[in-house]
Amino acid sequence: MPIHEQSLIRPEDLRTHEKLVVDGVDVSGHWSTFIQTRVVTDYNERLQEEIAALPGGEYIHRCWQCGSCTNACTVNAVNPDFNPRFWIYLVRMGMESELLRDKDIIWQCVSCNKCTYACPRDVFPEGVMKALSHWLELKGHTPKSPAMIFDETFAAQVIARGRIEEGRLIKGFFARTGQSLRQDWLVEMLRRMLRHLPLGLLGRLGLSSVRAPRTRGWGAAREALTEYVQEQRAQQRRALGLSALIAAARHDASGTAGD
Ligand code: SF4
Ligand code: SF4
């Protein structure tokens, strides 16, 4: 399938002769610009299957490369290098090393879902972007993003206790991302809460944050959720051919979480 966008030709792949005369015709400068030929030998023939095995990537095979997602994309409007259509193309072609050249911008998707509504094939490009980010992390190409760490902390607390306690959630997230609790915005928010919230509510919030209550009768739900997460992890591990996820699945199963 051809690539139509000139912006996709990377500057380092362009060659220009400053002085070149061919058959007596001066083609110096941009007249002699051409794209460096290359041979791709490192296809990952399972790349589409790997992305399809992750949540959000299931329908990537439906893409017919119309470009409506990129055309509608919020991030592409400010950064033309952010190109969902192109990345879906690379995945379907198995061009992993080419995809990795953009690993530092793929995660910039803001999940606005404009692409999802524009897509005529129900590919759910927003989901594909999530699956791509997840894949980059699982394969060790990028560190876990703060958003992923927040999701994990949130899910772990829900699974462990059947409810969310915001103070513990923020504390857990900050601890995992190495952030101080003494941040100006947080201090200001607490100040305003103390000033404006009724004393009874403040007392209940404080007590919850110390006691970390559980939802009554949550045990069965916790077991079911834990089992489901383990199954999903195992499926992803198989699809990606990874062993590192086994440890992660065991870690989740050991009921760590929550605080
Ligand atoms: S969800 Fe992501 S990929 Fe889709 S339009 Fe929004 S920023 Fe672009
Ligand atoms: S809008 Fe849908 S079909 Fe068109 S390129 Fe994007 S993902 Fe593929």
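**A first walk through the model**

Hi everyone. Taken over C-alpha atoms, the centres of domain 1 and domain 2 are separated by 32 Å. I'm starting there because that distance is a handy way into the layout. Please keep in mind that this is a predicted model.

So where do the domains lie along the chain? Domain 1 covers 6-35, domain 2 covers 47-138, and domain 3 covers 146-253. In secondary structure, the protein has 14 helices and four strands.

Now for the overall form. The C-alpha trace spans about 90 × 45 × 35 Å along the principal axes of the protein. The radius of gyration is 24 Å, whereas a compact globule of 259 residues would have one near 18 Å. Of those 259 residues, 20% are buried. And if you look at contacts with a separation of 6 or more, 62% of them are between residues 24 or more positions apart.

Let's move on to the ligands, beginning with ligand 1. Which residues come nearest to ligand 1? Out of 15 residues around it, the answer is Cys-73, Cys-109, Cys-112, Cys-115 and Glu-126. Three helices each give at least two residues to this shell: H3 (74-78), H7 (114-118) and H8 (125-138). H8 has the largest share, with three residues. Sorted by class, the shell around ligand 1 contains ten nonpolar, three polar and two charged residues.

Ligand 2 is next. This one is surrounded by 15 residues, and the closest are Cys-63, Cys-66, Ser-68, Cys-69 and Cys-119. Here helix H2 (68-72) and helix H4 (84-93) each provide at least two residues of the shell. In the shell around ligand 2 you'll find ten nonpolar residues, three polar ones and two charged ones.

Before I stop, let me go back to H8, the helix with the largest share of the shell around ligand 1. Is H8 mostly covered or mostly open? Mostly covered: 13 of its 14 residues are buried. From its first C-alpha to its last, H8 reaches 20 Å, close to the 20 Å expected at 1.5 Å a residue. After H8 comes Gly-140, with a positive phi near 80°.

To recap, then: we have three domains, at 6-35, 47-138 and 146-253, and two ligands to look for. For ligand 1, start from residues including Cys-73 and Glu-126; for ligand 2, start from residues including Cys-63 and Ser-68. Thanks for listening!

Conventions: Residues are numbered from 1 along each chain as its sequence is written. Chains are lettered from A and ligands numbered from 1 in the order in which they are written. This is a predicted model: local features need pLDDT of at least 70, side-chain atom pairs count only at pLDDT 80 or more; totals for chains, interfaces and linings use all residues. A residue is near a molecule or strand if its C-beta atom, placed from the backbone, lies within 6 Å of it. Ala, Val, Leu, Ile, Met, Phe, Trp, Tyr, Cys and Pro count as nonpolar, Asp, Glu, Lys and Arg as charged, and the others, Gly among them, as polar. The radius of gyration is taken over C-alpha atoms; the globule rule is 2.2 Å times the number of residues to the power 0.38. A residue is buried if 20 or more other C-beta atoms lie within 10 Å of its own, exposed if 12 or fewer, and partly exposed in between; C-beta atoms are placed from the backbone. Two residues are in contact if their C-beta atoms, placed from the backbone, lie within 7 Å. The expected span of a helix is 1.5 Å times one less than its number of residues.
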